[in-house]
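Student: I'm new to this one and a bit lost. Could you pick out a single part, take me through it slowly, and then show me what sits around it?

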Amino acid sequence: MTRIALAIALLCGFILVWQGIASLDTVDDLTLASPVETWDALREDWSLLMDNARVTLVEVVLGLALSVMAGVLFAVAMHLVRPLRDAAYPLLVGSQAIPIVVLAPLFILAFGYGIGPKLAIVALICFFPITVNLLDGLRSAPPELLKLMRSMGASRLRTLRSVELPSALPSLFSGLKIAATVSVIGAVFAEWAGADEGLGRLVLLGNNQLQTPRVYAGIVILTLMAVGLFALTALAERIAVPWNRKDALQ
Amino acid sequence: MTTETEAPVTESLSFRKVTRRFGALTALAGIDLSLRADAVTAVVGPSGCGKSTLLELVAGLQEPDEGEIVRRPAAYMPQRDLLLPWRDALGNAALALECQGVPRGEARRRAVPLFERFGLAEFERVRPAELSGGMRQRVAFLRTLLQGRPVLLLDEPFGALDAITRADLREWLAGALAEDPRTVLLVTHDVEEAVFLADRIVVLSPRPGRVVADFEVDLPRPRSVTAPAFTELKARALEALR
């Protein structure tokens with residue numbers, strides 16, 4: 001309870017400081033909208049913001065889902081086949097080093113304004129944290145336990161299912177939490193590269209048209225989206241990994 | 001030359017001039033040992049004398065560099081209980097059967113009678129985190145029994161427990177083995193444990209491990225650690241360890 005109260009107090013403090021700075025005479029209204037102006041913009045443009053937020057949320061959720069599927073597939077395959085792991089690891093790291101900002105317009109050019117390229121970009125940005133964390137998690141099972149499984153005559157798949165995958169769940173969720181937060185940034189990049197709807201596009205337009213409060217309102221919603229996804233992931237973790245972390249195998 | 005033979009039913013588990021090296025280090029040097037069926041053989045020795053290597057050789061987790069091992073199907077119980085925190089006690093024991101391809105539900109059903117027989121029925125649904133060290137070790141032992149193999153390989157099964165729990169579990173294990181005799185190879189550095197549980201004690205030398213003493217424990221059961229014959233045997237084993 002105190003934790004929640006502290007978080008709320010800090011948030012209030014942040015908003016107060018923000019309001020204070022925005023009210024200074026030396027600060028241009030076009031660069032910084034105050035919380036009050038942002039709130040007004042949220043109320044005025046509510047339906048416009050929500051329509052576009054829905055578009056972005058769909059891109060984010062589908063992109064994440066795509067990324068989870070690909071990430072789990074890749075991580076398990078790389079874990080099971082050692083040569084594949086050695087060969088594919090540099091590519092995996094490379095996937096995170098790709099400058100999405102540069103890549104996004106090329107995707108749009110190649111695949112058009114539809115949802116496809118957006119999903120691809122969100123999935124690409126989320127792929128690395130999911131895959132790397134799961135890969136590490138799969139290797140976290142204690143060697144003695146793997147030895148015991150072998151002595152009991154367990155097949156490779158049995159060990160994967162009964163031991164390695166469950167022990168990898170906490171790591172997978174760590175990766176998912178990172179992915180959940182960066183996925184929103186991925187969707188915004190994708191929309192900036194070319195889109196006719198979505199919150200990222202709305203924020204970009206607002207910026208060009210000097211509608212600063214609307215830009216801030218969009219940012220607030222995007223942030224809430226990322227925080228919400230993070231919280232949902234944390235909740236899913238509590239349900240899927242009920243055993244105490246302190247009691248984990250180490 | 002390394003050869004491995006699946007033994008006919010009549011032949012017991014045995015080592016013939018078995019040597020095992022790890023790089024320049026010789027863990028076991030020319031071990032000759034033949035186990036009596038349905039008896040407990042305890043192997044005692046100082047740390048690092050290759051006791052665990054001996055068990056892993058029998059379990060097929062390692063291969064000898066020289067010599068021959070006549071193996072019998074064996075169930076291996078490591079020092080740490082290694083229970084899966086996401087499975088309850090019954091599920092952890094049932095894992096032994098699942099590894100042999102038995103479906104989960106069926107495996108759990110087949111584990112139930114064992115829990116009842118060993119007085120663990122009320123702990124079936126409890127997760128390892130809520131079990132005491134002694135209870136966890138009992139569940140690990142049931143997992144070993146459930147593999148249904150004639151030989152049990154116990155690697156310091158009580159090594160991680162406190163003295164009181166240890167004495168308690170020792171008696172429990174003696175009772176379990178009296179009821180369901182198996183060929184047991186028990187590795188321990190605790191001489192008292194060996195004299196309490198075993199029918200025969202084999203003493204290994206410091207690395208490289210060789211057999212330096214081999215004697216029968218001819219005491220009536222249940223054994224009392226304070227009986228003169230018990231302390232005398234214990235002293236003999238300790239003397240051999242020097």
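Tutor: Let's start with how chain B is laid out, keeping in mind that this is a predicted model. The C-alpha centres of domain 1 and domain 2 of chain B are 27 Å apart. Domain 1 is made of two stretches of chain B, 2-83 and 150-241, while domain 2 covers 84-130.

The part I'd like you to look at is strand β7 of chain B, residues 151-155. Is this strand buried or exposed? Five of its five residues are buried, so the strand is largely enclosed by the rest of the structure. You can check that on both faces: B:Val151, B:Leu153 and B:Asp155 are buried on one side, and B:Leu152 and B:Leu154 are buried on the other. Notice that B:Asp155 is in that list along with the valine and the leucines.

Now, which strands pair with β7(B)? One partner is strand β6 of chain B, residues 74-77, which pairs with β7(B) in the parallel sense over four bridges. To find this pairing on the screen, look for B:Ala75, whose bridge partner in β7(B) is B:Leu152. Another partner is strand β8 of chain B, residues 183-188, which runs parallel to β7(B) and is joined to it by five bridges. Here B:Leu152 turns up again, standing opposite B:Val184 in β8(B). That makes B:Leu152 a handy landmark, with B:Ala75 as a bridge partner and B:Val184 opposite it in β8(B).

Keep going from β8(B) and you reach strand β4 of chain B, residues 40-44. The two strands, β4(B) and β8(B), pair in the parallel sense, with five bridges between them. One spot to click on is B:Thr41, which has B:Leu185 as its bridge partner in β8(B). Like β7(B), strand β4(B) has buried residues throughout: five of its five are buried, leaving the strand mostly covered. B:Val40, B:Ala42 and B:Val44 point one way, B:Thr41 and B:Val43 point the other way, and all are buried.

There is one more step to take. Strand β9 of chain B, residues 200-204, runs parallel to β4(B) and is joined to it by four bridges. Look for B:Val44, which stands opposite B:Val203 in β9(B). You can now trace a path from β6(B) to β7(B), across to β8(B), then to β4(B) and on to β9(B).

What about the neighbouring chain? Chain B puts 17 residues into its contact with chain A, and chain A puts in 19 residues. On the chain B side, helix α2 (residues 89-98) gives the most, with three residues. By class, that side of chain B has twelve nonpolar, two polar and three charged residues.

Chain A gives you another kind of picture: ten helices and zero strands. Two helices to look at there are α3 (residues 46-80) and α8 (residues 156-193), whose axes come within 8 Å and cross at roughly 145°. Their crossing is right-handed. Among the residues that meet are A:Gly63 and A:Leu64 from α3(A), and A:Ala179 and A:Gly186 from α8(A). The residues of this contact divide into eight nonpolar, five polar and two charged. For chain A as a whole, buried residues make up 36% of its 250 residues.

Methods. Residues are numbered from 1 along each chain as its sequence is written. Chains are lettered from A and ligands numbered from 1 in the order in which they are written. This is a predicted model: local features need pLDDT of at least 70, side-chain atom pairs count only at pLDDT 80 or more; totals for chains, interfaces and linings use all residues. Two residues are in contact if their C-beta atoms, placed from the backbone, lie within 7 Å. Ala, Val, Leu, Ile, Met, Phe, Trp, Tyr, Cys and Pro count as nonpolar, Asp, Glu, Lys and Arg as charged, and the others, Gly among them, as polar. A residue is buried if 20 or more other C-beta atoms lie within 10 Å of its own, exposed if 12 or fewer, and partly exposed in between; C-beta atoms are placed from the backbone. Axes are lines fitted to C-alpha atoms, for helices over the stretch in contact, and angles run from 0 to 180 degrees between N-to-C directions. A crossing is left-handed if the near helix is turned anticlockwise from the far one by less than a right angle, and right-handed if clockwise. Domain bounds come from an automatic or database domain assignment. Two strands pair if DSSP finds at least two bridges between them.
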